[in-house]
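Thanks for making the time this morning; I would like to walk through one structure, first its strands and then a pair of helices. Please have the display open as I go.

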Amino acid sequence: MKAGDSLKHFTAGMKMTPQRMAILEFLEGNLDHPSADDVYRAVSARYPTMSCATVYNTLETLRKRGGLLELSIDPLRKRFDPNPKPHNHLICTVCRKIVDVHIDYRVELPAETAADFEITGNHIEFYGVCPECKQKAATGNRPEDNG
Ligand code: ZN
Ligand code: MN
C-alpha cells in the first residue's frame, strides 16, 4: 500500500456515526502518534457527546483491521499511528514526541539466531532529545526574556 492510503479503506462494514467520522478525520494523515487520550481530547472539543469508550472502541477496531499501528515505544501510554506501513521511530525522552524514521535498515536475523521463528517484521526505536527540548535545556527553562 502506498503512503497516504486512507483509513477509510479499513472501515468497510463499520457503522459510521458522526463521532467515528470525527475520529477518522483526526487520525487521517496525523503524524503526532496520538494516545487514546489525545484523540479523545481533540475530538470531544468538537463533539461534546463523544465518550472515551467510543474512542477506545474505534481505535481498537481500526487496529484489528490493520489501519492503525499500536506503538509501545512510550512507556507512559499506548500511542497510535495511522500509517500502517512498516517504519521506525524516534522518541524524545523528555516530552515523548514521536517522529517517523523512513529508512529501510534491512535488519536481518541470521537463521541460526531466529529460534525457528518465521520473522514477520521488526521495529527500531531511537531515543533522544528533540530540538525544542534541547533548546529549553540550553536556556535553563527560565521564563522567556522580554527581549
Ligand atoms: Zn522533546
Ligand atoms: Mn509512525
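**Strand pairing and a helix contact**

Strand 3 and strand 4, the latter covering residues 98-101, are paired antiparallel over four bridges, where pairing requires that DSSP finds at least two bridges between two strands, and where strands (E, at least two residues) and helices (H or I, at least four) are DSSP runs numbered from the N terminus. I should say early that this is a predicted model, in which local features need pLDDT of at least 70, side-chain atom pairs count only at pLDDT 80 or more, and totals for chains, interfaces and linings use all residues. Residues are numbered from 1 along each chain as its sequence is written, while chains are lettered from A and ligands numbered from 1 in the order in which they are written.

Within this antiparallel pair, His-89 stands opposite Asp-100 of strand 4, and in the hairpin, which has five residues between the strands, Arg-96 takes a positive phi near 70°. Strand 3 also pairs with strand 5 (residues 125-128), here in the parallel sense and over four bridges, with Leu-90 opposite Phe-126.

Turning to the helices, the axes of helix 2 (residues 36-44) and helix 3 (residues 52-64) come within 10 Å and cross at roughly 125°, the axes being lines fitted to C-alpha atoms over the stretch in contact, with angles from 0 to 180 degrees between N-to-C directions. The contact, meaning C-beta atoms placed from the backbone that lie within 7 Å, is made by Ala-36, Val-39, Tyr-40 and Val-43 of helix 2 with Cys-52, Val-55, Tyr-56 and Leu-59 of helix 3.

Notes. Two residues are in contact if their C-beta atoms, placed from the backbone, lie within 7 Å.
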